[in-house]
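The following exercises concern one protein structure. Please study the sequence and the structure shown here before working through the solutions.

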Amino acid sequence: MPSDWKASLRLERDLDLVFGSLNLGTGYTLTAQALTTWAGDGFLWTNYAQTRLASAQPTGVAPDGRTIYADLGDLRILNLVALGNHGEGSSRILTAALGKRYDNGLHFQMSYAWQDVEAVTEGFSSRGISNWRNIQDADRNRPSPRTSPHQVTHSVKLNLGYERAFGPGFRARADLFARAWSGDRFTYTFDIDRGNALFGRAGAGESPYDNSPLYVPRDRDDPAVVYASSFDQDAFFAYVADNDIGAGIHAPYSEDPGMNQVWDIRLRLEMPSMGLLDRWVGENHVSLVLDVENVLNLLNDEWGTYEAGPRFNQAAIVRADLVDADDVASLGVDGAPALTGDSPRTTCRQQSDCLYRFNRFRSVASAYPSASQSVYRIRFGIRIDL
């Protein structure tokens, strides 16, 4: 069973905010907490058909040094996915909150949370084979701790409310909830399919995912990469510069499309108990509640837009082949035949044996507006507390 080790430290105290001649009052409550987690026994999926079967050995080496495994589909070998454990990965979470409730019915609380979370496997699926295929790492069978796709690096929240009683048994309350947080994390990857999986693929017809991290050349003369005539080098390197993408194997989940924010309002009117119900249920309270979600979008249809990251946390921007370095030397970049199926593993025995041939570049946006989450919603209800 999975297990974690955790340690936390929490501090809570009342404060008087007095800074010289500036007096902001007394009775503020400050809460701060630090939480650290270390993986004890985490889930780890490994495809033994690629790592242990003699017919799938030896493995190959890609131009950037990553391992090339057997194409099980090409070899007609079924998957042997084993569920095991790992003991790597950790997280650090820091939170701070400040709040105060005033005598006049006004109250507020504001908080900030910061996360630094490293994970080894994502565990996105209900099947072992899909969980293995979902691992976004340069080596799917030996993944390393890396930024978690669930990490929300920055999160800010504000609750501002006012409550007042008036008349016999009437109480009105208004609350504004605002929150802003970092967006979906994603990785720049190769654009692949079952006809050209680059680094090996699963068996039994399980198609590969576009989750193999992209190798980003350090410049146009990077010795690991050649460019087909169909590849737009100017557009690609401009895209790399504009998005500040570092050279080498792109770090999984290292990108973030930016902050999102949502503002909600709740209005609540509590009324005296309904005498009609007293006989049947005893004392009761009736409230009228009005919720407006994403109120900024109600005020202006260009506000309150929620932007998600690329689908499945993958920005597949480069379509590439592996090609034999000797073929490139003798036949030219465009003339060299692509290594497909299981041939990358059997041909690329050493890092210098093969090259990446970049064939097509596709510009992918880092953020996409979500229509369902970028609109306002109004809900009115009657609540009866018994």
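In this predicted model, C348 and C354 form a disulfide, with their sulfur atoms 2.0 Å apart. The exercises start from this bond.

**Exercise 1.** Determine the handedness of the disulfide between C348 and C354, and state whether each cysteine is buried or exposed.

*Solution.* Step 1: a pair of cysteine sulfur atoms counts as a disulfide within 2.5 Å, and the sulfur atoms of C348 and C354 lie 2.0 Å apart. The structure holds 1 disulfide.
Step 2: the torsion about the S-S bond of C348 and C354 is about -100°, so the disulfide is left-handed.
Step 3: C348 and C354 are both buried.

**Exercise 2.** Locate the partner of C354 across the strand pairing, and describe how strands β20 and β21 pair.

*Solution.* Step 1: C354, in β21, stands opposite D324.
Step 2: β21 covers residues 354-361 and β20 covers residues 314-324.
Step 3: these two strands, β20 and β21, pair in the antiparallel sense over 7 bridges.

**Exercise 3.** Place β20 and β21 in their sheet, and identify which strands the helix α4 lies across.

*Solution.* Step 1: the open sheet has 4 strands in the order β13-β20-β21-β15, with mixed pairing.
Step 2: β13 (187-190) and β15 (225-227) are the edge strands, each pairing on one side only.
Step 3: from one strand to the next, the twist averages 40°.
Step 4: helix α4 (residues 233-242) lies across β13, β15, β20 and β21. The helix α4 runs at about 90° to β21.

Methods: Residues numbered from 1 in each chain as written. Predicted model: local features only at pLDDT ≥ 70, side-chain atom pairs only at ≥ 80, totals over all residues. Heavy atoms only, no water. Pairing = 2+ DSSP bridges. Axes fitted to C-alpha atoms, helices over the stretch in contact; angles between N-to-C directions. Contact = heavy atoms within 4.5 Å. Buried < 20%, exposed > 50% of the residue type's maximum accessible area, 1.4 Å probe, protein only.
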